[in-house]
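Biologist: Before I rely on the words used for this chain, I would like to hear the reasoning behind each of them. Could we go through the terms one at a time?

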Amino acid sequence: MAKLGIDKDFLKDFGKLERSVQDRVTEVFTKFEHATHAGLHLEKLRNARDDRFRTIRIDLFWRGVVLAPDSGDTFTLLKVLPHDEAIAWAERRRASVNAATGRIEIRDVAAIDATLPELRRHTGTATTLLFEDVRDADLTGLGVDEQTLAFARALTHVSQLEAAQAFLPHNQWQALYGLAAGFTPEQVWAELGAAPAREPYDTEDLSAAVERTPEQVVLVDGPRELMEVFRHPFALWRIYLHPTQYQVANATFSGPARITGGPGTGKTVVALHRAHHLAGSGAGQVLLTTFTSTLSTSLEAGLRLLADSPAILDRIEVRHVDQLSYQVFAERHGRPAILRDKEEKEIWRRIVKRLDAPFTETFLAEEWRHVVLAQRVTNAAEYLAAKREGRGRGLGTRQRAQLWQVIWEFEEELKRRRYWTHETICAEATRLLDERADKPYRHVIVDEAQDLHPVQWRFLRAAVAQGPDDMFIAGDTHQRIYSSRVSLREVGVNVAGRSSRLTVNYRTTAEILAWSLGMLRGEAIDDMDGGLDTVAGYRSQVHGFPPELHGFRTQKEELDALARKVGEWRDMGVAPEEIGIAARSNVLADSAVTVLNQAGIPARSLAKAGGPEDVVRAGTMHRMKGLEFRCVAVIGVGEHAVPSSSAVTPSEEDAVTHTQDLQRERCLLFVACTRARERLHVSWHGNPSPFLDGSIE
Ligand SMILES: Nc1ncnc2c1ncn2[C@@H]1O[C@H](COP(=O)(O)OP(=O)(O)OP(=O)(O)O)[C@@H](O)[C@H]1O
């Protein structure tokens with residue numbers, strides 16, 4: 001039976017067509033089951049460079065371009081374009097099978113032929129060549145063929161390679177781009193994610209090549225599957241996964257596994273696919289979790305795009321960790337009384353005064369959370385032996401004993417007054433789960449793992465029995481925006497040998513990503529597993545505009561400029577809901593909403609649940625986590641606001657915590673900036689934030 005392949009670019013084009021044309025495209029291709037060349041009315045091209053390219057009439061104006069193999073019956077939809085453009089597009093191109101990866105590749109031969117002589121003219125006068133240190137054998141081993149090799153040898157600068165992305169065969173371009181980014185041939189090969197060929201690929205067999213290219217072409221077997229692909233044409237992540245994303249989402253692991261990667265590399269996408277895959281395997285309930293309600297709501301929405309089978313959806317629970325621990329707690333003890341921040345401070349203050357102890361309430365609250373609760377310390381001896389890595393203020397034995405006395409009294413008071421915090425609820429819920437032989441879940445999947453506290457990790461560990469595919473973790477320590485730090489091993493989650501890293505950013509342009517990464521250069525950031533994480537190799541394949549940075553004298557001037565910028569974006573055709581505004585404080589985010597509304601641009605605060613969807617959103621940088629927008633303005637990035645002094649422990653109080661707090665503030669700005677897909681505007685009034693040093697000319 002004929003198979004129909006739908007190319008990623010075809011689906012993108014399809015999403016942009018008017019509804020009536022989309023219906024017509026669907027109508028034409030739902031008949032493909034009975035396809036013969038004649039049945040699909042595939043027309044040959046008059047001036048074809050490759051006579052396997054055909055076109056098909058959609059209506060009077062639109063034509064589709066289809067790749068029809070000489071043998072086999074897999075037809076691949078490549079493009080939908082207005083009539084003349086479709087023919088011109090198809091006539092310029094040739095299809096081939098990559099000799100190293102076995103994947104299908106399309107190239108624009110006319111563009112390569114037109115560009116090469118021009119490049120060679122520059123090559124003659126250049127002092128260095130882009131790939132002069134790379135051997136031909138390495139290029140060939142990565143699938144670079146004769147024509148692309150000749151092209152690569154003429155390149156003198158990476159910008160020429162970037163400009164060639166649209167016309168070189170995709171896998172070969174990726175290999176060259178990886179080498180140009182400083183990767184070794186072995187790293188590039190790993191990133192291509194192709195299986196090594198046991199015997200040479202048949203480079204004439206297009207149908208087999210299409211089957212080997214699921215990251216670019218999805219095969220459908222009938223009209224129902226076709227409709228399923230066409231259901232959400234912009235959510236390409238549902239259908240086309242990078243080979244590493246695919247492997248990790250569908251693998252079987254003997255124990256906990258994890259995926260890391262920079263912003264926008266598709267970690268959440270992998271987490272969603274993995275939840276779907278594990279639920280489909282039917283071994284038991286899947287928990288898909290994260291650390292805030294905003295994030296779990298967006299996971300839920302993603303899951304509903306991915307899965308429409310009630311049986312699968314029934315097997316996946318999406319909850320944030322505190323919500324779940326609260327539920328386990330409440331089932332046994334009823335509703336807890338939660339200790340508020342203000343009351344907590346008062347209790348610490350009172351005890352300190354009574355015992356005349358030389359500690360501030362901020363220091364005590366952190367010591368309690370990051371040492372006592374994190375390591376499950378229950379008595380003085382354990383506290384004296386507890387590790388205090390990451391706490392800057394060294395304490396002698398006498399001071400530790402005194403500190404323990406304060407903490408003990410604090411805990412006693414909580415017990416007496418039956419007060420609970422999110423952490424103590426979580427610890428109690430863990431105890432309750434530990435008592436149970438039957439665990440509530442068979443698989444636990446954690447997104448944004450970098451921000452979970454050790455007590456939350458222990459709770460999740462206790463919610464699932466140890467075994468294959470028990471836990472799956474997605475996260476990026478460069479995006480840690482709360483102060484929890486954890487060593488996974490110490491909370492019973494051993495991912496050694498089961499960790500993968502994603503490097504290709506699908507969200508942000510290369511310009512925005514490179515600029516944002518610049519803010520983190522030189523920062524030593526842990527990997528939650530005893531080592532350091534790296535940003536080396538993170539890159540985007542999409543180019544656009546550099547971020548715009550603007551300083552103003554006053555907040556009023558800054559907000560007026562914001563309203564003008566948002567107006568400009570609107571005039572460019574950007575929908576209001578595709579615009580996000582991030583600020584360090586709620587107050588500034590709310591002021592932005594007011595100024596935009598006054599300027600006639602509907603906007604609302606992300607802090608307020610509900611409300612209209614088709615408006616500009618403004619919120620704190622924390623709330624931006626996990627979201628993305630076409631255009632983002634990060635405002636108020638001034639020297640007194642970012643870092644926020646109230647969030648940074650003074651260095652005289654604790655030098656290590658001070659450094660960590662500064663790093664967290666830096667990461668927070670990084671998170672806000674990397675929410676932008678196409679445009680980023682960063683502004684301040686007064687002097688700029690020290691984090692922008694080096695970015696402002
Ligand atoms: N294989 C893919 N094909 C197309 N788009 C993809 C793919 N994978 C991810 N994306 C898109 O890239 C963007 C970022 O994906 P995602 O949110 O999963 O990344 P992330 O690594 O979790 O990001 P962050 O850490 O910044 O929150 C989303 O718009 C997603 O749809």
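**Reasons behind the terms**

Modeller: Let us begin with a strand pair in this predicted model: β14 (residues 443–446) and β15 (residues 471–474) run parallel and are joined by three bridges.

Biologist: What makes β14 and β15 a pair?

Modeller: Two strands pair if at least two bridges are found between them, and three bridges join β14 to β15, so they meet that cut-off. One of the residues involved is V444, whose bridge partner in β15 is M471.

Biologist: Which sheet has β14 and β15 in its order?

Modeller: They belong to an open sheet of six strands with parallel pairing, in the order β11-β10-β14-β15-β9-β16.

Biologist: Why are β11 and β16 said to stand at the edges?

Modeller: Each of them, β11 (316–320) and β16 (499–502), has a single partner strand, so one side of each is left without a neighbour in the sheet. On average, neighbouring strands of this sheet are turned by 15 degrees against each other, direction ignored. Helix α14 (residues 293–306) packs on the sheet, where it touches β10 (286–290) and β11, and its direction makes about 160 degrees with that of β11.

Biologist: How do you know whether M528 is buried or exposed?

Modeller: A residue is buried if 20 or more other C-beta atoms lie within 10 Å of its own; M528 has 26 such neighbours, and therefore counts as buried. M528 is placed in the loop between β18 (525–526) and β19 (532–533).

Biologist: Which residues is M528 in contact with, leaving aside its neighbours within four places in sequence?

Modeller: Those residues are Q450, T477, V486, S487 and L488.

How values were computed. Residues are numbered from 1 along each chain as its sequence is written. This is a predicted model: local features need pLDDT of at least 70, side-chain atom pairs count only at pLDDT 80 or more; totals for chains, interfaces and linings use all residues. Helices (H or I, at least four residues) and strands (E, at least two) are DSSP runs, numbered from the N terminus. A residue is buried if 20 or more other C-beta atoms lie within 10 Å of its own, exposed if 12 or fewer, and partly exposed in between; C-beta atoms are placed from the backbone. Two residues are in contact if their C-beta atoms, placed from the backbone, lie within 7 Å. Axes are lines fitted to C-alpha atoms, for helices over the stretch in contact, and angles run from 0 to 180 degrees between N-to-C directions.
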